[in-house]
Amino acid sequence: MAIGGATLDVPGIVGQLMSIEQRPVAALNKKEANYQAKISAYGNIASALSGFQTSLKDLNQAEKYLTFKATSSDTTALTAAASAKASAGSHTVSISSLASAQKLLAVGQSSDTDSIGTDVASKITFELGTISGGSFDAASGKYTKALFASSSQGVKTVSIDSGKNTLAGIRDAINTAKIGITATIVNDGSEKPYTLALSSTSMGAKNSLKISVAGDETLSSLMAHDPAGSQSLKQTVAAQNALITVNGVPVSKDVNSIADVIPGITLDFLKITENPITLNVAQDNSAISNAVQEFVKGYNELHKTLSGMSAYNPATKQGSVLQGDSTVRMLQSQMRSILNTPISSSGGGTNNSEPDWRDHTKRGHNGAGYL
(Lines give C-alpha, C1' and ligand atoms only; values in the text may rest on other atoms or scores of the structure.)
Protein backbone atom coordinates (compact mmCIF):
# COMPACT_ATOMS: atom_id res chain seq x y z
CA MET A 1 0.00 0.00 0.00
CA ALA A 2 1.36 3.46 -1.02
CA ILE A 3 0.58 6.59 1.01
CA GLY A 4 2.05 9.96 -0.11
CA GLY A 5 4.57 8.22 -2.22
CA ALA A 6 5.61 5.88 0.60
CA THR A 7 4.89 2.21 0.56
CA LEU A 8 3.62 0.59 3.78
CA ASP A 9 4.42 -3.06 4.56
CA VAL A 10 0.97 -3.90 5.78
CA PRO A 11 1.52 -7.68 6.11
CA GLY A 12 4.70 -7.08 8.10
CA ILE A 13 3.04 -4.58 10.39
CA VAL A 14 0.12 -6.92 10.96
CA GLY A 15 2.50 -9.77 11.62
CA GLN A 16 4.43 -7.77 14.18
CA LEU A 17 1.25 -6.68 15.90
CA MET A 18 0.02 -10.28 16.05
CA SER A 19 3.39 -11.40 17.37
CA ILE A 20 3.15 -8.82 20.13
CA GLU A 21 -0.37 -9.93 20.98
CA GLN A 22 0.70 -13.60 21.08
CA ARG A 23 3.53 -13.03 23.56
CA PRO A 24 1.31 -13.58 26.63
CA VAL A 25 -0.05 -16.76 25.05
CA ALA A 26 3.47 -17.98 24.30
CA ALA A 27 4.49 -17.21 27.86
CA LEU A 28 1.51 -19.15 29.18
CA ASN A 29 2.32 -22.08 26.89
CA LYS A 30 5.89 -22.06 28.17
CA LYS A 31 4.66 -22.04 31.74
CA GLU A 32 2.25 -24.88 30.99
CA ALA A 33 5.03 -26.95 29.42
CA ASN A 34 7.20 -26.26 32.47
CA TYR A 35 4.42 -27.29 34.83
CA GLN A 36 3.73 -30.43 32.81
CA ALA A 37 7.42 -31.30 32.94
CA LYS A 38 7.44 -30.80 36.71
CA ILE A 39 4.31 -32.90 37.13
CA SER A 40 5.93 -35.69 35.11
CA ALA A 41 9.12 -35.38 37.16
CA TYR A 42 7.19 -35.52 40.43
CA GLY A 43 5.39 -38.59 39.11
CA ASN A 44 8.71 -40.32 38.44
CA ILE A 45 9.93 -39.37 41.89
CA ALA A 46 6.72 -40.66 43.49
CA SER A 47 7.12 -43.99 41.70
CA ALA A 48 10.76 -44.33 42.78
CA LEU A 49 9.88 -43.24 46.32
CA SER A 50 7.12 -45.84 46.53
CA GLY A 51 9.56 -48.58 45.53
CA PHE A 52 12.08 -47.35 48.07
CA GLN A 53 9.48 -47.22 50.86
CA THR A 54 8.43 -50.78 50.05
CA SER A 55 12.02 -52.00 50.40
CA LEU A 56 12.57 -50.01 53.59
CA LYS A 57 9.39 -50.57 55.59
CA ASP A 58 10.34 -53.94 57.11
CA LEU A 59 14.00 -53.31 57.86
CA ASN A 60 13.28 -51.89 61.32
CA GLN A 61 11.57 -55.18 62.27
CA ALA A 62 14.82 -57.01 62.88
CA GLU A 63 13.16 -59.97 64.60
CA LYS A 64 11.33 -60.74 61.36
CA TYR A 65 14.63 -61.77 59.84
CA LEU A 66 15.89 -63.85 62.75
CA THR A 67 15.13 -67.10 60.95
CA PHE A 68 16.85 -70.45 61.20
CA LYS A 69 17.59 -73.28 58.81
CA ALA A 70 17.66 -76.96 59.75
CA THR A 71 19.90 -79.23 57.67
CA SER A 72 19.73 -83.02 57.81
CA SER A 73 22.74 -85.17 56.98
CA ASP A 74 20.36 -87.69 55.34
CA THR A 75 17.33 -86.13 53.69
CA THR A 76 16.11 -89.53 52.46
CA ALA A 77 15.38 -90.47 56.07
CA LEU A 78 14.78 -87.17 57.84
CA THR A 79 13.82 -83.68 56.77
CA ALA A 80 13.35 -80.73 59.10
CA ALA A 81 12.02 -77.19 59.10
CA ALA A 82 12.99 -74.49 61.59
CA SER A 83 10.86 -71.62 62.84
CA ALA A 84 11.91 -68.35 64.46
CA LYS A 85 11.61 -70.08 67.87
CA ALA A 86 14.48 -72.44 67.06
CA SER A 87 17.97 -72.18 68.48
CA ALA A 88 21.25 -72.79 66.73
CA GLY A 89 22.84 -76.13 67.56
CA SER A 90 23.47 -79.71 66.48
CA HIS A 91 21.28 -82.75 67.22
CA THR A 92 21.56 -86.49 66.69
CA VAL A 93 18.48 -88.39 65.50
CA SER A 94 17.93 -92.14 65.02
CA ILE A 95 14.73 -93.70 63.61
CA SER A 96 13.86 -97.23 64.74
CA SER A 97 10.35 -97.44 63.24
CA LEU A 98 7.84 -95.29 61.42
CA ALA A 99 4.29 -94.68 62.53
CA SER A 100 1.74 -96.64 60.51
CA ALA A 101 -1.98 -97.38 60.36
CA GLN A 102 -3.28 -100.92 60.68
CA LYS A 103 -4.43 -102.67 57.50
CA LEU A 104 -6.62 -105.79 57.47
CA LEU A 105 -7.79 -108.13 54.70
CA ALA A 106 -10.89 -110.34 54.60
CA VAL A 107 -11.08 -113.73 52.88
CA GLY A 108 -11.57 -113.41 49.11
CA GLN A 109 -15.05 -113.70 47.59
CA SER A 110 -16.24 -114.81 44.16
CA SER A 111 -18.23 -111.62 43.62
CA ASP A 112 -18.41 -108.16 45.13
CA THR A 113 -22.14 -107.89 44.43
CA ASP A 114 -23.45 -111.29 45.59
CA SER A 115 -25.22 -111.42 48.96
CA ILE A 116 -23.25 -112.67 51.92
CA GLY A 117 -25.23 -115.02 54.20
CA THR A 118 -28.99 -114.63 54.66
CA ASP A 119 -29.05 -110.97 53.67
CA VAL A 120 -30.53 -109.82 56.99
CA ALA A 121 -29.80 -106.41 58.47
CA SER A 122 -26.61 -106.41 60.53
CA LYS A 123 -24.41 -104.10 62.56
CA ILE A 124 -20.63 -103.98 62.44
CA THR A 125 -18.94 -102.54 65.53
CA PHE A 126 -15.41 -101.13 65.38
CA GLU A 127 -13.36 -100.57 68.50
CA LEU A 128 -9.94 -98.92 68.57
CA GLY A 129 -7.26 -99.97 71.03
CA THR A 130 -3.75 -101.23 71.64
CA ILE A 131 -2.46 -104.75 71.03
CA SER A 132 0.20 -106.02 73.42
CA GLY A 133 1.89 -109.25 74.44
CA GLY A 134 1.66 -112.59 72.66
CA SER A 135 3.20 -113.21 69.28
CA PHE A 136 2.40 -112.35 65.68
CA ASP A 137 2.70 -114.68 62.70
CA ALA A 138 3.45 -112.69 59.55
CA ALA A 139 2.43 -115.56 57.25
CA SER A 140 -1.10 -115.88 58.63
CA GLY A 141 -1.35 -112.26 59.72
CA LYS A 142 -2.75 -113.31 63.15
CA TYR A 143 -1.87 -112.88 66.82
CA THR A 144 -1.53 -115.61 69.44
CA LYS A 145 -2.14 -114.98 73.15
CA ALA A 146 -2.17 -111.20 72.64
CA LEU A 147 -4.05 -108.67 74.75
CA PHE A 148 -6.28 -105.86 73.48
CA ALA A 149 -6.84 -102.69 75.53
CA SER A 150 -9.54 -100.33 74.28
CA SER A 151 -8.59 -96.69 73.80
CA SER A 152 -10.67 -93.72 74.84
CA GLN A 153 -11.94 -93.07 71.32
CA GLY A 154 -15.15 -95.01 71.85
CA VAL A 155 -17.01 -97.58 69.79
CA LYS A 156 -18.14 -96.94 66.20
CA THR A 157 -21.07 -98.79 64.66
CA VAL A 158 -22.01 -99.20 60.99
CA SER A 159 -25.42 -100.53 59.93
CA ILE A 160 -25.67 -102.89 56.97
CA ASP A 161 -29.24 -102.78 55.71
CA SER A 162 -31.05 -105.77 54.35
CA GLY A 163 -30.18 -106.18 50.70
CA LYS A 164 -26.78 -104.51 51.22
CA ASN A 165 -24.93 -107.56 52.54
CA THR A 166 -22.42 -107.55 49.67
CA LEU A 167 -18.78 -106.57 49.64
CA ALA A 168 -19.68 -103.44 47.71
CA GLY A 169 -22.52 -102.65 50.12
CA ILE A 170 -20.29 -103.15 53.17
CA ARG A 171 -17.55 -100.99 51.64
CA ASP A 172 -19.98 -98.19 50.84
CA ALA A 173 -21.62 -98.30 54.27
CA ILE A 174 -18.27 -98.06 56.08
CA ASN A 175 -16.98 -95.21 53.92
CA THR A 176 -20.26 -93.30 54.11
CA ALA A 177 -20.24 -93.52 57.91
CA LYS A 178 -16.91 -91.61 58.06
CA ILE A 179 -15.84 -93.18 61.35
CA GLY A 180 -12.09 -93.04 60.74
CA ILE A 181 -11.97 -96.35 58.86
CA THR A 182 -11.72 -96.75 55.10
CA ALA A 183 -12.80 -99.79 53.10
CA THR A 184 -11.72 -100.79 49.60
CA ILE A 185 -12.20 -103.84 47.40
CA VAL A 186 -9.10 -105.34 45.78
CA ASN A 187 -9.27 -107.73 42.80
CA ASP A 188 -6.21 -109.99 43.03
CA GLY A 189 -7.09 -112.10 39.99
CA SER A 190 -7.42 -115.38 41.91
CA GLU A 191 -10.33 -117.84 41.88
CA LYS A 192 -12.01 -115.72 44.55
CA PRO A 193 -10.49 -112.39 43.66
CA TYR A 194 -12.61 -109.84 45.52
CA THR A 195 -11.00 -108.96 48.85
CA LEU A 196 -12.31 -106.41 51.31
CA ALA A 197 -9.47 -104.30 52.73
CA LEU A 198 -9.90 -102.20 55.90
CA SER A 199 -7.61 -99.47 57.18
CA SER A 200 -7.68 -97.00 60.05
CA THR A 201 -7.20 -93.41 58.95
CA SER A 202 -5.17 -92.73 62.10
CA MET A 203 -1.65 -94.01 62.65
CA GLY A 204 -0.22 -95.20 65.92
CA ALA A 205 -0.32 -98.27 68.16
CA LYS A 206 -3.49 -97.15 69.96
CA ASN A 207 -5.47 -97.37 66.70
CA SER A 208 -5.57 -101.14 66.20
CA LEU A 209 -9.01 -102.56 65.36
CA LYS A 210 -11.30 -104.98 67.13
CA ILE A 211 -14.41 -105.84 65.05
CA SER A 212 -17.62 -107.59 66.00
CA VAL A 213 -20.78 -108.30 63.97
CA ALA A 214 -24.36 -108.56 65.20
CA GLY A 215 -26.84 -110.08 62.75
CA ASP A 216 -25.87 -112.42 59.95
CA GLU A 217 -23.55 -115.24 61.06
CA THR A 218 -21.87 -115.57 57.67
CA LEU A 219 -21.00 -111.88 57.71
CA SER A 220 -19.70 -112.33 61.26
CA SER A 221 -17.44 -115.19 60.20
CA LEU A 222 -16.10 -113.00 57.41
CA MET A 223 -15.36 -109.87 59.44
CA ALA A 224 -15.30 -110.57 63.20
CA HIS A 225 -11.79 -109.84 64.44
CA ASP A 226 -10.47 -109.87 68.00
CA PRO A 227 -6.64 -109.62 68.31
CA ALA A 228 -6.97 -111.32 71.74
CA GLY A 229 -9.26 -114.07 70.42
CA SER A 230 -10.73 -115.30 67.15
CA GLN A 231 -9.47 -113.42 64.11
CA SER A 232 -11.22 -113.64 60.73
CA LEU A 233 -9.11 -110.94 59.12
CA LYS A 234 -5.46 -110.99 58.14
CA GLN A 235 -3.27 -108.14 59.34
CA THR A 236 -0.90 -106.96 56.60
CA VAL A 237 0.33 -103.78 58.33
CA ALA A 238 0.47 -103.28 62.08
CA ALA A 239 -0.64 -100.14 63.85
CA GLN A 240 2.52 -98.78 65.43
CA ASN A 241 4.21 -95.62 66.65
CA ALA A 242 7.26 -93.89 65.28
CA LEU A 243 10.14 -94.79 67.60
CA ILE A 244 13.02 -92.35 67.49
CA THR A 245 15.93 -91.24 69.60
CA VAL A 246 16.82 -87.56 69.81
CA ASN A 247 20.11 -86.71 71.46
CA GLY A 248 19.98 -90.06 73.24
CA VAL A 249 16.40 -89.61 74.51
CA PRO A 250 13.84 -92.23 73.33
CA VAL A 251 10.67 -90.75 71.84
CA SER A 252 7.44 -92.49 70.76
CA LYS A 253 4.89 -90.68 68.56
CA ASP A 254 1.82 -91.81 66.64
CA VAL A 255 2.69 -89.65 63.62
CA ASN A 256 5.72 -89.27 61.35
CA SER A 257 5.84 -85.49 61.61
CA ILE A 258 6.46 -83.94 65.01
CA ALA A 259 7.07 -80.40 66.22
CA ASP A 260 7.20 -80.80 70.00
CA VAL A 261 10.49 -82.60 70.58
CA ILE A 262 13.08 -79.96 69.63
CA PRO A 263 11.70 -76.43 70.24
CA GLY A 264 11.09 -74.59 66.99
CA ILE A 265 11.91 -77.62 64.80
CA THR A 266 9.46 -79.78 62.83
CA LEU A 267 10.83 -83.24 62.08
CA ASP A 268 9.53 -85.44 59.26
CA PHE A 269 10.53 -89.10 59.38
CA LEU A 270 10.82 -90.91 56.04
CA LYS A 271 12.54 -94.23 56.72
CA ILE A 272 14.30 -96.30 59.36
CA THR A 273 17.97 -95.45 59.82
CA GLU A 274 20.96 -97.69 60.32
CA ASN A 275 23.23 -94.89 61.50
CA PRO A 276 22.42 -91.73 63.47
CA ILE A 277 21.53 -88.61 61.49
CA THR A 278 23.09 -85.25 62.30
CA LEU A 279 20.68 -82.33 62.29
CA ASN A 280 22.34 -78.92 62.24
CA VAL A 281 20.35 -75.78 63.05
CA ALA A 282 21.90 -72.44 62.11
CA GLN A 283 20.74 -68.88 61.63
CA ASP A 284 19.55 -68.22 58.08
CA ASN A 285 20.71 -64.84 56.82
CA SER A 286 19.17 -65.16 53.35
CA ALA A 287 16.03 -63.23 54.31
CA ILE A 288 17.89 -60.18 55.62
CA SER A 289 20.36 -60.40 52.74
CA ASN A 290 17.53 -60.28 50.21
CA ALA A 291 15.89 -57.43 52.09
CA VAL A 292 19.12 -55.42 52.10
CA GLN A 293 19.59 -56.02 48.38
CA GLU A 294 16.08 -54.71 47.74
CA PHE A 295 16.83 -51.70 49.94
CA VAL A 296 20.03 -50.96 48.03
CA LYS A 297 18.19 -51.28 44.72
CA GLY A 298 15.38 -49.00 45.87
CA TYR A 299 17.80 -46.44 47.33
CA ASN A 300 19.85 -46.27 44.15
CA GLU A 301 16.78 -45.98 41.94
CA LEU A 302 15.42 -43.10 44.03
CA HIS A 303 18.80 -41.37 44.21
CA LYS A 304 19.27 -41.69 40.46
CA THR A 305 15.81 -40.24 39.85
CA LEU A 306 16.32 -37.32 42.24
CA SER A 307 19.76 -36.53 40.83
CA GLY A 308 18.49 -36.65 37.27
CA MET A 309 15.64 -34.29 38.07
CA SER A 310 17.83 -31.71 39.84
CA ALA A 311 21.21 -31.84 38.08
CA TYR A 312 22.89 -29.09 36.03
CA ASN A 313 24.11 -29.96 32.55
CA PRO A 314 27.29 -27.96 31.80
CA ALA A 315 27.18 -28.99 28.14
CA THR A 316 23.80 -27.37 27.55
CA LYS A 317 24.28 -24.86 30.35
CA GLN A 318 20.80 -25.73 31.55
CA GLY A 319 19.49 -27.10 34.79
CA SER A 320 17.05 -29.99 35.07
CA VAL A 321 13.38 -29.32 35.52
CA LEU A 322 13.53 -29.57 39.34
CA GLN A 323 16.93 -27.99 39.93
CA GLY A 324 16.81 -26.11 43.22
CA ASP A 325 13.41 -27.60 44.13
CA SER A 326 12.97 -27.59 47.92
CA THR A 327 11.09 -30.91 47.96
CA VAL A 328 13.89 -32.65 46.09
CA ARG A 329 16.51 -31.16 48.43
CA MET A 330 14.49 -32.32 51.44
CA LEU A 331 14.22 -35.86 50.07
CA GLN A 332 17.94 -36.01 49.33
CA SER A 333 18.71 -34.81 52.84
CA GLN A 334 16.41 -37.39 54.39
CA MET A 335 17.96 -40.17 52.31
CA ARG A 336 21.42 -39.26 53.53
CA SER A 337 20.19 -39.31 57.13
CA ILE A 338 18.70 -42.80 56.67
CA LEU A 339 22.17 -44.30 56.34
CA ASN A 340 23.08 -43.03 59.79
CA THR A 341 19.83 -44.00 61.54
CA PRO A 342 20.19 -46.93 63.99
CA ILE A 343 17.79 -49.84 63.70
CA SER A 344 15.71 -50.62 66.78
CA SER A 345 14.25 -54.08 67.20
CA SER A 346 10.66 -54.14 68.42
CA GLY A 347 11.55 -57.37 70.16
CA GLY A 348 13.84 -55.47 72.51
CA GLY A 349 17.55 -55.90 73.12
CA THR A 350 20.32 -56.38 70.60
CA ASN A 351 21.48 -59.61 69.05
CA ASN A 352 25.15 -59.24 68.18
CA SER A 353 24.79 -61.95 65.56
CA GLU A 354 22.22 -59.93 63.64
CA PRO A 355 23.45 -58.64 60.26
CA ASP A 356 23.37 -54.83 60.04
CA TRP A 357 21.98 -53.60 56.70
CA ARG A 358 23.84 -50.31 57.17
CA ASP A 359 27.13 -52.19 56.77
CA HIS A 360 26.05 -53.11 53.24
CA THR A 361 25.08 -49.55 52.32
CA LYS A 362 27.99 -47.70 53.96
CA ARG A 363 30.59 -49.68 52.07
CA GLY A 364 29.29 -48.37 48.74
CA HIS A 365 28.21 -44.84 49.70
CA ASN A 366 30.10 -42.02 48.02
CA GLY A 367 29.74 -38.30 47.56
CA ALA A 368 27.18 -38.75 44.79
CA GLY A 369 24.95 -40.74 47.06
CA TYR A 370 25.10 -44.12 45.32
CA LEU A 371 25.29 -47.37 47.27
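Two strands count as paired when DSSP finds at least two bridges between them. Keep that in mind for β17 and β18, which pair in the antiparallel sense over 2 bridges. Within that pairing, Ser257 stands opposite Asp268 in β18. Everything here comes from a predicted model.

**The small sheet and its neighbour Asn256**

β17 and β18 belong to an open sheet of 3 strands, ordered β4-β18-β17, with antiparallel pairing. The edges are β4 (78–82) and β17, each of which pairs on one side only. As background, strands of a sheet are held together through backbone hydrogen bonds, and these can run parallel or antiparallel.

Asn256 sits in the loop between β16 (249–253) and β17 (257–258). Is Asn256 buried or exposed? Asn256 counts as buried because its relative accessibility is 17%, and the cut-off for buried is under 20%. A polar atom of the Asn256 side chain lies 2.7 Å from the backbone nitrogen of Ala99. Setting aside neighbours within four places in sequence, Asn256 is in contact with Leu98, Ala99, Met203, Ala242, Leu267, Asp268 and Phe269. Asp268 is the residue that stands opposite Ser257, and β18 covers residues 265–269.

**Two nonpolar cores**

Now for the greasy parts. The largest nonpolar core has 24 residues, and the ones with the most contacts inside it are Phe126, Ile170, Ile174, Leu198 and Met223. Which elements give two or more residues to this core? They are β7 (122–132), β10 (147–160), α2 (167–177), β11 (181–187), β12 (194–200), β13 (208–214) and α3 (217–223). The largest share, 4 residues, comes from α2.

Ile174 is a handy residue to click on. Leaving out neighbours within four places in sequence, Ile174 is in contact with Phe126, Val158, Ile181, Ala183, Leu198 and Met223. A second, separate core has 20 residues, including Ala99, Ala242, Ile244 and Val281. Two of those names, Ala99 and Ala242, also turn up among the contacts of Asn256.

**Helix α2 up close**

The buried residues of α2 are Leu167, Ala168, Gly169, Ile170, Ala173 and Ile174. They pack against β7, β10, β11, β12 and α3. In an α-helix there are 3.6 residues a turn, so residues three or four places apart point the same way. Just after α2, Lys178 takes a positive phi of about 50 degrees.

**Salt bridges**

How many salt bridges does a search of the whole structure find? The search gives 3, and here they are with the distance between the closest N and O atoms.

| Basic residue | Acidic residue | Closest N and O atoms |
|---|---|---|
| Arg171 | Asp172 | 3.0 Å |
| Lys206 | Asp254 | 3.8 Å |
| Lys253 | Asp260 | 3.1 Å |

The Lys206 and Asp254 pair links distant parts of the chain: Lys206 is in the loop between β12 and β13, Asp254 is in the loop between β16 and β17, and they are 48 residues apart. Lys206 is partly exposed, with a relative accessible area of 41%, and Asp254 is partly exposed at 27%.

For the Lys253 and Asp260 bridge, Lys253 is partly exposed at 22% relative accessibility, whereas Asp260 counts as exposed because its value is 56% and the exposed class starts over 50%. As for Arg171 and Asp172, Arg171 is partly exposed at 25%, and Asp172 is partly exposed at 38%.

**An aromatic pair and some odd phi angles**

The aromatic count comes to 1 pair. Phe136 and Tyr143 make up that pair, which is tilted, with 4.8 Å centre to centre and 50 degrees between the planes. Phe136 is partly exposed at 36% relative accessibility, while Tyr143 is buried at 17%.

Back to the backbone. Asp119 is not a glycine, yet has a positive phi of about 65 degrees. Asp119 is in the loop between β6 (103–105) and β7, and is partly exposed, with a relative accessible area of 23%. Lys145 also has a positive phi without being a glycine, at about 55 degrees. Lys145 lies in the loop between β9 (142–144) and β10, and is exposed, with a relative accessible area of 78%.

Definitions and conventions
Residues are numbered from 1 along each chain as its sequence is written. This is a predicted model: local features need pLDDT of at least 70, side-chain atom pairs count only at pLDDT 80 or more; totals for chains, interfaces and linings use all residues. Side-chain values use heavy atoms; hydrogens and water are left out. A nonpolar core is a set of buried Ala, Val, Leu, Ile, Met, Phe, Trp, Tyr and Cys residues joined through side-chain atoms within 4.5 Å. Buried means under 20% relative accessible area, exposed over 50%, partly exposed in between (1.4 Å probe, protein chains only). Contact means heavy atoms within 4.5 Å. Rings of Phe, Tyr and Trp (its six-membered ring) pair if their centres lie within 6.5 Å; planes under 30 degrees apart count as stacked, over 60 as edge-to-face and the rest as tilted. A polar contact is a pair of N or O atoms within 3.5 Å; within protein, one must be able to donate a hydrogen and the other to accept it, and residues adjacent in sequence count only if both atoms are side-chain atoms. A salt bridge is a side-chain nitrogen of Lys or Arg within 4 Å of a carboxyl oxygen of Asp or Glu.
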